[in-house]
Amino acid sequence: MPLVAWENRAAAKRATVLKAIPSRWHVPPDQIPLEHDNSAVIDLPAKYLSADEITITETPPMDTLAHMHAGIWSCEDVVRAYCHRAALCHQFVNCLTEVLFEEAVHTARELDQYRRETGGLKGPLHGLPVSFMDRFRVAGTETAAGFISWLGPRETDVTESLIVRHMRALGAIPFCKTNVPQSMMLAETANNIHGRTSNPYSGLLSSGGAAGGEGALLAMKGSPFGWATEFAGSARIPAVFGSLFSLKVSSGRLPTLGVASSETSLPSRNSTIATMSWDFNLLQYVAKLSLGSTAFEEDPTWIDMPWREAKVRELTLRRPTFAVLECDGHIQPQPPIRRALRSIVECLRRANYQVIEWKPPSHAAPVETYFKIIGADGAQATRQHIKASGEPPVPLLRDWYFHQPTQPLSLSEYLALMKSLETYQSGYQRYWKSTGQSTASRLPVDGVIMPVCADAACCKNKMTYYGYSAIVNVLDFVAVSFPAGFIDRYLDPKPDVFVPLSRDDESVNDAYDNFAFHGAPVGLQLMTRRTEEEKALKLVEIILQTQAYSPMPS
């Protein structure tokens, strides 16, 4: 049966991606597990890499930078190694949308030549390969962002995202772009162009979204550092499902200029930039180089707020106070998450940090209001982008696409929702300030340790609750997500007796399978108030120092 027009366009794009991967890096099809196989592919790329390539791609990226800057490793060797590994990752989990290997190697050679001729560096990230979620516009590439109708036009130096230009100015090298869901607004990464991105820890599990392609690539060490976006957990959810670190910033601290988007009724301040890495030190370093950079002045939403080392020093002069949210009163996190939370609290208290219980205004209702605001216009733009090519909605969008009302809310209804959210935000701020009455320092809590998801892991298309992740976006707060171990079928049994708080709570508990999820990563987040990125990163550093954290499954 002949393919229809949209299928031809999608097939041509997939072929272009594979063609850009050197044939010598292609894996025989019979060595690639089926998409629905429950086997882990997290370690498979190493089987196809040379000893030097393994050393380069598994060395902590900050050390890699030091080796390049000292002339021990060439930029070309580092970039080639990461290109090879990324190519392998794509064949195992389907994570790439654009391949810039040839251009990246050419740039690396130029950087090596520059260092030989001048003895200097192009910038503090000289030679570092960097990946981008397929919402960032990179010169010479397409930016489909999950829509077939967006295929075709290629970005130029003029249309390139400001963040990408910033990375180039620091000496970093863009070398690939990664998969996103159709609509860019799902916690499951699948579209009709590239298909679904699998979780490297199990083909049965979700890689999360919207930055699921970025998360899968980083989890397999196919990139040292990646850029993503956030509006309800888009980077943090893939990060916790892939044992990664991520930083969600407050609006204005990093520029969104040039980032592709489908128009929604969401206020612009609630959609922000995020960074992701498997190396926490690199996450901190890039934040120091990027937050408040004057290179972002052309973005009208940018805040002139350079990195504030004083915020970090303050936490070394006094002992910060933490709070912990184990349950938001609506959905109980699955057993591995609760075990991770309790373990971290125990470690912090053993190190003489005060940890109090966090009892904020309910998260569930304002998050529901938040999603109503996002869809207040009937999501007309998203529907139009899907219809423009004739492609169908992906499975997770079908019910919404065919059955949800398309009539926009009235202006008075929309304003009432906005007012409700503003009232909630004010109440949350008052609650945070009031915690000073419960701390030994008499100062409000510095940061809140909490789940990113109620699901420790989940099967594809099964995640439904975003109260823990989206609340950070509702408040425009800062969050750093971090790995907190792995699911253990014996340490994390399903409860014999479970008292649900709601029907949704019962569904989340029913979905938990300690045997099927065994070995999958567990992650948490640390939340601070607006524009406290420096504090959030320092607090996570303290957490990592006080816990017995192991990056490998037992």
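1. A good place to start is one matched pair of residues: Ala323 has Val448 in β13 as its bridge partner. Ala323's neighbourhood is strand β11 (residues 322-324), which pairs with strand β13 (residues 447-451) in the parallel sense over 3 bridges. Bear in mind as you read that this is a predicted model.

2. Now zoom out to the sheet. It is an open one made of 11 strands, and the order is β1-β3-β2-β8-β10-β9-β14-β15-β13-β11-β12, with mixed pairing. At the edges sit β1 (96-99) and β12 (355-357), each of which pairs on one side only. On average, and ignoring direction, neighbouring strands of this sheet are turned by 25 degrees against each other.

3. Which strands does helix α4 touch? Helix α4 (residues 75-93) packs on the sheet against β1, β2 (129-133) and β3 (173-178), and its direction makes about 5 degrees with that of β3. Helix α7 (residues 212-219) lies across β1, β2, β3, β8 (225-230) and β10 (272-277), and runs at about 155 degrees to β8.

4. Have a look at strand β9 (residues 245-248) too, as both its faces are covered. In a regular strand, side chains alternate between the two faces of the sheet. Here Phe245 and Leu247 are on one side, Ser246 and Lys248 are on the other, and all are buried.

5. What does Leu247 pair with in β10? Its bridge partner there is Thr275, and β9 and β10 run antiparallel, joined by 4 bridges. Leu247 also stands opposite Val480 in β14. That strand, β14 (residues 478-486), pairs with β9 in the antiparallel sense over 3 bridges.

6. Next, a loop residue: Ser234 lies between β8 and α8 (236-241). Is Ser234 buried or exposed? Ser234 counts as buried because its relative accessibility is 5%, under the 20% cut-off. Leaving aside residues up to four places away in sequence, Ser234 touches Gly209, Ala210, Ala211 and Thr229.

7. Finally, the cysteines. How many disulfides does the structure hold? The number is 0. Cys89 is in no disulfide, and the nearest cysteine sulfur, that of Cys95, is 5.7 Å away. Cys89 is also buried, with a relative accessible area of 0%.

8. Why does Cys176 make no bond with Cys95? The closest cysteine sulfur to that of Cys176 is in Cys95, 7.3 Å away, so the two are too far apart for a bond; a disulfide needs the sulfur atoms within 2.5 Å. Cys176 counts as buried too, at 1% relative accessibility.

Terms used:
Residues numbered from 1 in each chain as written. Predicted model: local features only at pLDDT ≥ 70, side-chain atom pairs only at ≥ 80, totals over all residues. Heavy atoms only, no water. Pairing = 2+ DSSP bridges. Helix = DSSP H or I, 4+ residues; strand = E, 2+ residues; numbered from the N terminus. Axes fitted to C-alpha atoms, helices over the stretch in contact; angles between N-to-C directions. Contact = heavy atoms within 4.5 Å. Buried < 20%, exposed > 50% of the residue type's maximum accessible area, 1.4 Å probe, protein only.
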